[in-house]
Amino acid sequence: MGLGNLWLVNPASFPDEASYARAAGASDILDKATVVSTLDEAIADCVCVMGTSARGRKVPWPVIAPPDAAAKASQQSEAGQVALVFGRENHGLSNEELQRCHFHIHIPSNPDYSSLNLAMAVQVMCYELRMHYLKGLEGGDGSPYLKPMMVPGDEGWDVPPAPVRDVEGFFSHLEQVLVDVDFHRRDNPRQLMTRLRRLFQRAGLDQMEINILRGILTAVQKSAGAADTAKNTSRAGSTAGEQE
Ligand code: SAH
């Protein structure tokens, strides 16, 4: 997620084979990790320290939501180092450790079971930091991943959008096929075509999609016509048989 500065406070085992296996290719982060024996050493040079916690504390502390924490971290990083502090897998951060922090970050999980695995909590915070970074990328519009969903007509879509004439042609064709296959009756239309219109307008069809849909309708017509002919032929055949 673009972060590379990992500090480990009094790790149970380091370097550790399992951690390299789990890093899956990001071993450079482990290679350059800094190992210290106390939290105080780890945060000594930081201008802003944010501790993560699954629980509320007896003495309330400024709690900040993950996206705001990312914004704050990015803003404060202009002044100096910012630390995000995570606790031990089994018992988190102690009160003393949390009191070293300017802010507490709580990921709003289900209050009935608020404690996430350490790795999950780290990833949520790394994601928030990454999103904040991408949004602020120079050029204003950030990463393509943050843009609203692309639709026909937008730059980058591979086929031009279908003009109204073609979409209307498709609706007429669709209605005709639905009549042909006895799904729809023009004398008792209910809201069928209105709802189908709404469905397809919502999709925002492009020219190739219209061609495909018209191709399908034509194939249905041919096949229904063939079935009719086949039915008629077999009826004619059996009638002929009965007559014999
Ligand atoms: N029982 C411990 C939970 C340890 S979970 C406790 O109540 O603190 C291990 C670490 O994951 C925590 O120390 C914290 O850094 C992080 N974490 C887990 N759930 C979190 C949450 N909902 N919000 C913020 N951090 C969380």
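Where is Gly 2 found? Gly 2 sits in the segment before strand 1. That makes a handy starting point for a walk through this predicted model.

## The protein as a whole

Let us begin with the broad outline. The protein contains nine helices and six strands. Its C-alpha atoms fill a box of roughly 100 × 45 × 40 Å along the principal axes. The radius of gyration is 32 Å, while a compact globule of 244 residues would have a value near 18 Å.

How much of the protein is buried? Buried residues account for 25% of the 244 residues. The accessible surface comes to about 16,700 Å², and carbon and sulfur atoms supply 54% of that area.

Contacts tell you how the chain meets itself. Among contacts with a separation of 6 or more, 74% join residues that are 24 or more positions apart.

Charges are part of the picture too. You can find 23 positive and 30 negative side chains in the protein. The centres of these two sets lie 8 Å apart.

## A cluster of rings

Now zoom in on some aromatic side chains. A pair of aromatic rings is described by the distance of the centres and the angle of the planes. How many aromatic pairs does a search of the whole structure find? The search finds two. One of them joins Phe 170 and Phe 171, with 5.6 Å from centre to centre and 40 degrees between the planes, so this pair counts as tilted, the class for angles that are neither under 30 nor over 60 degrees.

The other pair is made by Phe 170 and Phe 200, with the ring centres 4.9 Å apart and the planes at 80 degrees. This pair counts as edge-to-face because the angle is over 60 degrees. It links distant parts of the chain: Phe 170 belongs to helix 7 (residues 164-180) and Phe 200 to helix 8 (residues 192-203), 30 residues apart.

Are these rings buried or exposed? Phe 170 and Phe 171 are both buried, and Phe 200 is buried as well. Together, Phe 170, Phe 171 and Phe 200 form one aromatic cluster.

## Between the helices and strands

The loops have details of their own. Stay beside the cluster's helices for a moment: Asp 182 and Arg 190 each lie in the loop between helix 7 and helix 8. Asp 182 has a phi near 65 degrees, a positive value in a residue other than glycine. Arg 190 also has a positive phi, of about 45 degrees, although it is not a glycine. Asp 182 counts as exposed because its relative accessible area of 71% is over 50%. Arg 190 is exposed too, with a relative accessible area of 59%.

Ser 53 offers a contrasting case, in the loop between strand 3 (46-52) and strand 4 (63-64). Why does Ser 53 count as buried? Its relative accessible area is 10%, and buried means under 20%, so Ser 53 falls in that class. Leaving out residues up to four places away in sequence, Ser 53 touches Leu 98, Ile 105 and His 106.

Another loop, between strand 1 (7-9) and helix 1 (17-23), is the place of Pro 15. The peptide bond leading from Phe 14 to Pro 15 is cis, with omega near -5 degrees.

## Along the chain and through space

Positions in the sequence can be set beside distances in space. The table does this for three pairs of residues, using C-alpha atoms.

| Pair | Apart in sequence | C-alpha to C-alpha |
|---|---|---|
| Gly 2 and Tyr 127 | 125 residues | 9.5 Å |
| Val 151 and Ala 203 | 52 residues | 8.6 Å |
| Tyr 145 and Cys 48 | 97 residues | 29 Å |

Let us meet a member of each pair. Gly 2, our starting point, counts as exposed at 71% relative accessibility. Val 151 lies in the loop between helix 6 (118-135) and helix 7. Val 151 is partly exposed because its relative accessibility of 33% falls between the 20% and 50% cut-offs. Tyr 145 lies in the loop between helix 6 and helix 7, and at 75% relative accessibility Tyr 145 counts as exposed.

Key: Residues are numbered from 1 along each chain as its sequence is written. This is a predicted model: local features need pLDDT of at least 70, side-chain atom pairs count only at pLDDT 80 or more; totals for chains, interfaces and linings use all residues. Side-chain values use heavy atoms; hydrogens and water are left out. Helices (H or I, at least four residues) and strands (E, at least two) are DSSP runs, numbered from the N terminus. The radius of gyration is taken over C-alpha atoms; the globule rule is 2.2 Å times the number of residues to the power 0.38. Buried means under 20% relative accessible area, exposed over 50%, partly exposed in between (1.4 Å probe, protein chains only). Contact means heavy atoms within 4.5 Å. Accessible areas come from the Shrake-Rupley method with a 1.4 Å probe; for residues, only the protein chains shown count as cover. Lys and Arg count as positive and Asp and Glu as negative; His and the chain ends are not counted. The place of a charge is taken as NZ of Lys, CZ of Arg, CG of Asp or CD of Glu. Rings of Phe, Tyr and Trp (its six-membered ring) pair if their centres lie within 6.5 Å; planes under 30 degrees apart count as stacked, over 60 as edge-to-face and the rest as tilted.
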